[in-house]
Amino acid sequence: MTLERDLVAAAQEVLGRLSPADQQTLLTTFEGEAPTDVSAATFRKRRERAVSRLRDAWRLIYGN
């Protein structure tokens, strides 16, 4: 399906613009894993910041 392939490619492009730490935070979130190296509150804040940077990167490339 072309639309799905285009969306996956766009998501990969945007994720590729994030730092490795943000990428790992988002992948951990998407996979539903619980981090073992930080507290839940710290991870929530990291996720919040990573999602914010993801949105900013998306808007930079694709607009609102």
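Let's start with Y62: in this predicted model, Y62 has a relative accessibility of 38%, so it counts as partly exposed. Its partner in what follows is W58, which is partly exposed too, with a relative accessible area of 32%.

Why do I call them partners? A search of the whole structure finds one aromatic pair. That pair is W58 and Y62: the ring centres lie 4.6 Å apart and the planes meet at 40°, so we call the pair tilted. Both residues belong to helix α3, which covers residues 40–62, and because they are four residues apart there, about one helical turn separates them.

Now let's move to the buried side of things. Which residues make up the largest nonpolar core? There are five in all: V14, L18, L26, A50 and A57. As general background, nonpolar side chains in soluble globular proteins tend to be buried together.

Take L26 from that core and have a look at its contacts. Leaving aside residues up to four places away in sequence, L26 touches L15, L18, A50, V51 and L54. Two of those names, L18 and A50, are core members you just heard.

One last stop, friends: T25, in helix α2, which runs over residues 20–31. Is T25 buried or exposed? With a relative accessible area of 9%, T25 falls under the 20% cut-off, so it is buried. And what does T25 touch, again not counting residues up to four places away in sequence? The list is F43, R46, R47 and A50. You'll recognise A50, which also touches L26.

How values were computed:
Residues are numbered from 1 along each chain as its sequence is written. This is a predicted model: local features need pLDDT of at least 70, side-chain atom pairs count only at pLDDT 80 or more; totals for chains, interfaces and linings use all residues. Side-chain values use heavy atoms; hydrogens and water are left out. Rings of Phe, Tyr and Trp (its six-membered ring) pair if their centres lie within 6.5 Å; planes under 30 degrees apart count as stacked, over 60 as edge-to-face and the rest as tilted. Helices (H or I, at least four residues) and strands (E, at least two) are DSSP runs, numbered from the N terminus. Buried means under 20% relative accessible area, exposed over 50%, partly exposed in between (1.4 Å probe, protein chains only). A nonpolar core is a set of buried Ala, Val, Leu, Ile, Met, Phe, Trp, Tyr and Cys residues joined through side-chain atoms within 4.5 Å. Contact means heavy atoms within 4.5 Å.
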